Amino acid sequence: MFCEQCEQTASGDGCHQFGACGKSPEVNSIHDLLIHCLRSLAPVALQAKAMGIDTHEADVFTCEAMFATMTNVNFSPSSLKTYVESAIAHRELLKETIQTQSPESILLPIIVDFVPDLDGNLSEQGEKIALKFISQVGKDAVDIFSLKLTTLYGLKGAASYAFHAYEVGQEDEAIYHFVHRALDALRDQSMSVEDWVALTLEVGAINFRAMELLDTGHTTSFGHPVPTKVSLAPVPGKAILVSGHDIRQLEAILKQSADKGITVYTHGELLPAHGYPKLKQTYPHLYGHYGTAWQNQTKEFAKFPGAVVITTNCLMPPHENYNDKLFSIGPVSYPYLTHLPPAEQGIPDFTPVINKALSLPGFSEDVAAATPPKSVTVGFAHNAVLSVADTVIDAVKQGHIRHFFLVGGCDGAKPGRTYYTEFVEQVPDDCIVLTLACGKFRFFDQDLGEIGGLPRLMDVGQCNDAYSAIQIAIALADAFEMDVNELPLSMILSWYEQKAVAVLLTLLHLGIKDIRLGPTVPAFLSPNVLQLLSDTYQLKAITVPEQDLAACLAD
Ligand code: SF4
Ligand code: SF3
């Protein structure tokens, strides 16, 4: 096998024997097979679009299937086989419609005739057709292959955000068209390094649009986030824990579990859900947050005394001591986990989750009483922060706020990730820390105090709320009549999976410079591509907190 799509990749080089994420060579090859099938669907979808044929189902399917191939999402050969079958079915249906509408032959590339042997060994077939370096020719082969991988991985992140946005009723045909176009470009042998750089940055542009749509979907459905205190201590009683990113599915769980005497807790990237006022008002049994980031789930899920639902990434191979109370939905799947299929409008029937929660002990009075009453405040998205923009601007002008740091991104298990905790601990008292995504769990419960009534630590939201952080930066730059890069703002980001790749490409597409990235730079960036990013955007790897902090404050 070969995979290097995430930060955890073995020896910082590539997983060759088995995935560090728990992905087997077999599953890795079926991911590759699925990507190949989506690449074979792409030119057909593009042709159909050009002829005015409705491709909507294939578009949404493509985004969901891309999502399934991301790190820590789908480990199930049988579930992945269903995705492969559907990709071919969507493609054949569109081919048929094209032929009916235009019987004179339309030239489509050979890839559209690829037919996997669904009764054969899918893994072996995937291994044969995976995107490989050896198929690359010419003097720029290494760099073009690197940019192809960057495009593909960023596209997975952007497509998954587009799928989230679709789920909350927001779509843009331009995104779907681009997803097919970029997948189709992977077979193009005529593109130069410059062409690939341009396409890679286009992934960033399209991801910005996907995050914007998701923001619109969330705020339209649940209101603009407001600063909200979230308890980290449990209450006695039966309990459900919801992990991942999907706020719409969290709402469905809340709806179906209302009046059942069950308390619902968030885990990982669902913490910011508490900031959405309509969700809190409608469902008072959405109570608190349990645990920290995804990489601690084996301990945290095992200890949780109720049912657990994982809605999106990041799923780790579940331990047998909790797999009977863990349920997956959407593109997430693991061989021996119970997967709840979508019923009405993509929402599963969560009865098995509710029954499991009722059958488990829940939090006892003793445990609840013994847990120290701790809380964190969430909900500092663009609307909330910009509603106090005057206070922020005054504090900067009067010298009370010296600098802003955006510290966040995807978390992981590497020891070097303590950098982010140490960095935040060393940020001077006259600076504000904005944070987002699961990287925040390194320091989310620290009390950094206030500056002139403004909290020094503000949680902007999930990784997709990078959109919100960008809106805040743009508004501040406008207020100070300067370029975003001239603001007293430094971005110290951590990356792990492909959503982070998409967010990074968005920031580069917007021309944001001086980003510090860690804990390591992506293995799929060739030395020349890395040099190009560092020359053009001054993208740098993190060093040690003291040194980076001093450099940011000196800029
Ligand atoms: Fe390795 Fe990451 Fe690929 Fe998993 S997703 S196989 S950890 S590179
Ligand atoms: Fe975390 Fe997986 Fe990316 Fe959404 S939950 S940030 S790593």
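These are my notebook entries on the domains, ligand shells, empty spaces and backbone of a predicted model.

**Entry 1, domains.** I began with how the chain is divided, and I noted domain 1 (10-221), domain 2 (228-370) and domain 3 (380-554). I then looked up the pair formed by domain 2 and domain 3, whose centres, taken over C-alpha atoms, are 29 Å apart. For the contacts between them I wrote down 17 residues on the side of domain 2 and 19 residues on the side of domain 3. The area buried between domain 2 and domain 3 comes to about 1300 Å², and carbon and sulfur atoms give 62% of that area. On the domain 2 side I recorded E269, W294 and Q295, which together supply 37% of the area that domain 2 buries against domain 3, more than any other three residues.

**Entry 2, ligand 2.** Which residues surround ligand 2? I listed H245, E269, W294, N313, C314, C410, A437, C438, C463, Y496 and E497. E269 and W294 thus appear in this shell, and both are also among the three residues noted for the area that domain 2 buries against domain 3. The shell takes at least three residues from domain 2 (228-370) and at least three from domain 3 (380-554). By class I have 7 nonpolar, 2 polar and 2 charged residues around ligand 2.

**Entry 3, backbone at the ligand 2 shell and elsewhere.** N313 and C314, both in the shell around ligand 2, are joined by a cis peptide bond with omega near 10 degrees. C314 sits in the loop between β5 (307-310) and β6 (326-328). I found another cis peptide bond going from G518 to P519, with omega near 0 degrees, and P519 belongs to the loop between β17 (516-518) and α18. I also marked S11, a residue other than glycine whose phi is positive, near 55 degrees, and which lies in the segment before α1 (25-50). I kept these entries because most residues other than glycine have a negative phi, and most peptide bonds are trans.

**Entry 4, ligand 1.** Around ligand 1 I have 13 residues, of which C3, C6, C15, C21 and T71 come nearest. The shell around ligand 1 divides by class into 6 nonpolar, 5 polar and 2 charged residues.

**Entry 5, the largest pocket.** I next turned to open space, where the largest pocket holds about 630 Å³. Its lining has 30 residues, and those that lie nearest the centre of the pocket are E64, F163, G330, P342 and G346. Two or more lining residues come from each of α2 (56-68), α3 (77-101), α5 (141-167) and α8 (247-257), and α2 gives the most, with 6 residues. I counted the lining by class as 11 nonpolar, 14 polar and 5 charged residues. Where does the largest pocket lie with respect to domain 1 and domain 2? I placed the pocket between domain 1 (10-221) and domain 2 (228-370), because both give residues to its lining.

**Entry 6, the largest cavity.** For enclosed space, I noted 6 cavities of 30 Å³ or more. The largest cavity holds about 330 Å³, and of the 34 residues that line it, A500, V501, V503, L504 and L505 are the closest to its centre. Its lining takes at least two residues from each of α5, α7 (193-222), β11 (403-409), α16 (466-479), β16 (489-494), α17 (498-509) and α18 (527-537), with the largest share, 8 residues, coming from α17. In terms of domains, I found at least three lining residues from domain 1 (10-221) and at least three from domain 3 (380-554). By class, the lining of the largest cavity has 28 nonpolar, 5 polar and 1 charged.

**Entry 7, the second largest cavity.** I closed with the second largest cavity, whose volume is about 130 Å³. Of the 15 residues that line it, F404, L434, I472, L476 and L489 lie nearest the centre. At least two lining residues come from each of β11, β12 (431-436), α16 and β16, and α16 gives the most, with 4 residues. Which classes occur in this lining? I recorded 15 nonpolar residues, no polar and no charged ones.

Conventions: Residues are numbered from 1 along each chain as its sequence is written. Chains are lettered from A and ligands numbered from 1 in the order in which they are written. This is a predicted model: local features need pLDDT of at least 70, side-chain atom pairs count only at pLDDT 80 or more; totals for chains, interfaces and linings use all residues. Side-chain values use heavy atoms; hydrogens and water are left out. A residue is near a molecule or strand if one of its heavy atoms lies within 4 Å of it. Ala, Val, Leu, Ile, Met, Phe, Trp, Tyr, Cys and Pro count as nonpolar, Asp, Glu, Lys and Arg as charged, and the others, Gly among them, as polar. On a 1 Å grid over the protein atoms alone, a cavity is a set of points where a 1.4 Å probe fits but cannot get out, and a pocket is an open set with protein on both sides within 12 Å along at least five of seven lines; lining residues have an atom within 4 Å of a point. Grid points are joined across faces, edges and corners, and a volume is the space filled by probe spheres set on the points. Domain bounds come from an automatic or database domain assignment. Contact means heavy atoms within 4.5 Å. Buried area is the accessible area (1.4 Å probe) that two parts lose on being put together, summed over both.
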